[in-house]
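Please open the structure in a viewer and display the backbone as a cartoon, with side chains available on request. The tour below proceeds by selection, one stop at a time.

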Amino acid sequence: MSTPRQSAPSSSSPTLPQAATIVMEASNDPGWGMFVWLLLTVGARRGELCALRWDDVDFDTGVLTIRQRRIELDAQTITLLRAYLGHCAAQAAMLGIERRPDAYVFSPSPDGGTAPEPAMATERYARMCANLGWNMHLDRLPHYSATELIAAGVDVRTFNWRLQRGLSRIQRRPRA
């Protein structure tokens with residue numbers, strides 16, 4: 001006689017407090033924090049962010065271009081992206097490596113020449129959430145910003161401000 005198979009608990013989208021906790025946890029690593037921030041606030045998919053290059057970010061107009069789609073970014077996100085770009089440049093300089101002009105935003109290599117693997121982002125997010133005691137998957141985040149925030153009647157500017165508090169460590173982190 002076999003025992004019935006237990007199904008895994010279903011994955012869910014984060015609540016507002018969980019989203020803030022997730023961003024604060026992710027911000028311990030500047031690149032990962034920025035990745036999660038954009039997933040939550042822009043609604044991009046993991047593959048789109050993995051393919052994102054710095055040329056796709058127009059700091060002057062505050063526009064992010066993903067697959068020919070233009071997304072206007074708020075001032076806080078532009079500030080965070082500038083700080084993260086500075087962090088990437090400082091890391092490359094510390095290693096004596098020149099950054100590529102066509103660098104990927106979330107490249108695992110100091111020169112920016114390698115795109116991150118989407119599967120790695122998925123696994124990292126699941127591990128991070130599991131460590132926080134939640135069963136959540138990365139593919140739920142694009143739906144989060146599009147449905148949960150709007151359906152809950154959340155003022156997106158306030159939400160960005162709350163989440164930015166956790167990510168602001170990028171700006172204060174000493175350069176190693």
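The stops that follow cover a sheet, a pair of helices, two cysteines and a serine. The model is predicted.

**First stop: the sheet.** Select residues 57–58, 63–66 and 69–72 to display strand E1, strand E2 and strand E3. These 3 strands form an open sheet in the order E1-E2-E3, with antiparallel pairing. The edges of the sheet are E1 and E3, each of which pairs on one side only.

**Second stop: the hairpin.** Keep E2 and E3 in view. The two strands run antiparallel and are joined by 4 bridges. Which residue of E3 stands opposite Leu-64? Show the side chains: Leu-64 faces Ile-71 of E3. Further along, Ile-66 stands opposite Arg-69, also in E3. Next, select the turn of this hairpin, where 2 residues lie between the strands. Arg-67 adopts a positive phi there, near 50°.

**Third stop: two helices.** Select residues 16–26 for helix H1 and residues 118–131 for helix H5. Two packed helices are described by the angle between their axes and the distance between the axes. Here the axes of H1 and H5 come within 11 Å and cross at roughly 115°. H1 is therefore roughly perpendicular to H5. The crossing of H1 past H5 is right-handed.

To see the residues in contact, display Ile-22, Glu-25 and Ala-26 on the H1 side. They meet Tyr-125, Met-128 and Cys-129 of H5.

**Fourth stop: the cysteines.** Stay on Cys-129, which takes part in the contact between H1 and H5. Is Cys-129 buried or exposed? Its relative accessible area is 0%, so Cys-129 is buried. Now select Cys-88. Cys-88 has a relative accessible area of 10%, and because buried means under 20%, this residue counts as buried too. How many disulfides does the structure hold? The number is 0.

**Last stop: Ser-13.** Return towards H1 and select Ser-13, which lies in the segment before that helix. With a relative accessible area of 14%, Ser-13 falls within the buried class, because the cut-off is under 20%. Then add Asn-135 to the selection and draw a distance between the two C-alpha atoms. Ser-13 and Asn-135 are 122 residues apart along the chain, and their C-alpha atoms are separated by 9.2 Å.

Definitions and conventions
Residues are numbered from 1 along each chain as its sequence is written. This is a predicted model: local features need pLDDT of at least 70, side-chain atom pairs count only at pLDDT 80 or more; totals for chains, interfaces and linings use all residues. Side-chain values use heavy atoms; hydrogens and water are left out. Buried means under 20% relative accessible area, exposed over 50%, partly exposed in between (1.4 Å probe, protein chains only). Two strands pair if DSSP finds at least two bridges between them. A disulfide is a pair of cysteine sulfur atoms within 2.5 Å. Axes are lines fitted to C-alpha atoms, for helices over the stretch in contact, and angles run from 0 to 180 degrees between N-to-C directions. Angles under 35 degrees count as roughly parallel, over 145 as roughly antiparallel, 65 to 115 as roughly perpendicular and the rest as oblique. A crossing is left-handed if the near helix is turned anticlockwise from the far one by less than a right angle, and right-handed if clockwise. Contact means heavy atoms within 4.5 Å.
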